[in-house]
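This briefing is meant for a reader who is meeting the structure for the first time. Please keep the sequence and the model in view while reading the points below.

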Amino acid sequence: MENNTIYIRERGNLRRVGDIVLAQPRLVSSCRRTNPFVLRKEHFIFTYNAEGSLRYTTKSLFDITLSFVADNIHHVDSLVGFPEQIGDRLFAAAEENRVFLNTDISLKALQLFSDAYGEMVLGALCLRNRFPLLHERMSEIKTFHSLRCLDLYGCRLGDDHEIFQHLTSSSLTSHLIQLFIGGNSLTDVGLQRLTAPIRMMKKGLDNLQFLEVSYNPITERALKYLTCLPKLEKLDVSGTNLKIGAGLKSRMCDLLGLIFSEKPLDIFDHSRCKTQGWAEQVVNQWETIGTQMPKQKKIEESRISALRFFGRQKFVRDVLNAAPLVCETEEEVKSEKLHFYKPAANSGKLGQSSTNHPAKTGLHGVKKRQHQSEGCDGSHLSPPPKRVSSPTLTSGDIDLLNSY
């Protein structure tokens, strides 16, 4: 088989395929056969009967074929159009054969499944305080382009990280709804850089609704960089340099249309965040293997990776030594929660005022109700649309644009 020509039938036509080297069959003890067409031990299921005698049954042709395709998944062009049930079984077979642990083919295999099955492969990814995993598997993590929830809390991203470009890429922008980037030593400059492609090229994070930037040294200046998120509904700025007060409430309402929540919002409770999808166990295996690597090798790879991401050794050392800001007492945790949310259109005082004044019929009445419902409260109205749609470019934005 290894020296013969391989033919495949595609769309009713038979054609020859070159440069394809099939995966070597697993050697069986006491048997040196390497011909794939010869029945091998893995084609049988061995069991014992009640008397203790060894019995075997052959696997189905589907299971044998599934295992063969899983071993040679890197030669598959596309899985688009195959049923989800087949994709699930094939992914499980590839995982069992440790395909995703092979650095030579794992990237191609994950890309293949992600293109065909999207968020079923991985719809939510929690990397909370898992800094080594993020940097060791950056390429594989980028293949998950259908994530709806991504938790990067405590991953020491800093202000200039490779993941920023992926967060605003066209492949991820239409799916991502929840993003947690707290505890990453992220400053106003970092948020400016993260949102630069959105503000300048009008693309990226179109569907983002929940954003957490807590325990980062950001100021009120960073709020203007978030005006480019059209669907932002809830924001967590706890543990930052922002202090709750009338000024912050007014600015938050004017810029983002958000009001302060007296009670902590459940969406920012990290106990509910977890990795979900077919690749959940694959991510756990990556982390397990990372902890089992030789210590010296891990140090060298981490150093090279950090130098590649950040460029300056001194800055890397400062970031690695910086621990995420955390609250020390339960009382401080309860008192320092700065959660903001976008109220419903007909809630609060606006809803009461609309009931006191009967609505007028016709187009003018509809426009008036729309303007009334857009306000955050009775005294603060939402900003005109031109503030969001036509932002002015600062000198820092121009420098960022020139750096791309």
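The lining of the largest cavity in this predicted model divides into 8 nonpolar residues and 1 polar residue, with no charged residue among them. The space inside this largest cavity comes to about 40 Å³, and the count of cavities of 30 Å³ or more is 2. The points below take up the two cavities, then the chain as a whole, and then some of its helices.

**The largest cavity**
- The residues that line the largest cavity are Leu127, Leu134, Ile141, Leu147, Leu150, Leu152, Ile163, His166 and Leu172.
- His166 belongs to this lining, and His166 is its polar member because the nonpolar class holds Leu and Ile, while a residue such as His falls among the others, which count as polar.

**The second largest cavity**
- About 30 Å³ of space lies in the second largest cavity, and its lining is made up of Leu179, Leu194, Thr195, Leu205, Leu208, Leu211, Leu226 and Leu229.
- When these lining residues are sorted by class, 7 are nonpolar and 1 is polar, and no charged residue is found in the lining of the second largest cavity.

**The chain as a whole**
- The protein chain holds 17 helices and 11 strands, and of its 404 residues 39% are buried.
- Of the contacts in the protein chain with a separation of 6 or more, 74% are between residues that lie 24 or more positions apart.

**Helices H1 and H2**
- Helix H1, which covers residues 61-71, and helix H2, which covers residues 84-96, have axes that come within 9 Å and cross at roughly 65°, and the crossing in which H1 passes H2 is right-handed.
- On the side of H1, the residues that take part in the contact are Phe62, Asp63, Leu66, Val69 and Ala70, and they meet Ile86, Arg89, Leu90, Ala93 and Ala94 of H2.
- Sorted by class, the contact of H1 with H2 has 8 nonpolar and 2 charged residues, and no polar residue takes part.

**Helix H9 and the residue after it**
- Which residues of helix H9, residues 246-256, are buried? They are Leu248, Met252, Cys253, Leu255 and Leu256.
- Just after H9 comes Gly257, a residue that takes a positive phi of about 70°.

Note on methods
Residues are numbered from 1 along each chain as its sequence is written. This is a predicted model: local features need pLDDT of at least 70, side-chain atom pairs count only at pLDDT 80 or more; totals for chains, interfaces and linings use all residues. Side-chain values use heavy atoms; hydrogens and water are left out. On a 1 Å grid over the protein atoms alone, a cavity is a set of points where a 1.4 Å probe fits but cannot get out, and a pocket is an open set with protein on both sides within 12 Å along at least five of seven lines; lining residues have an atom within 4 Å of a point. Grid points are joined across faces, edges and corners, and a volume is the space filled by probe spheres set on the points. Axes are lines fitted to C-alpha atoms, for helices over the stretch in contact, and angles run from 0 to 180 degrees between N-to-C directions. Helices (H or I, at least four residues) and strands (E, at least two) are DSSP runs, numbered from the N terminus. A crossing is left-handed if the near helix is turned anticlockwise from the far one by less than a right angle, and right-handed if clockwise. Contact means heavy atoms within 4.5 Å. Buried means under 20% relative accessible area, exposed over 50%, partly exposed in between (1.4 Å probe, protein chains only).
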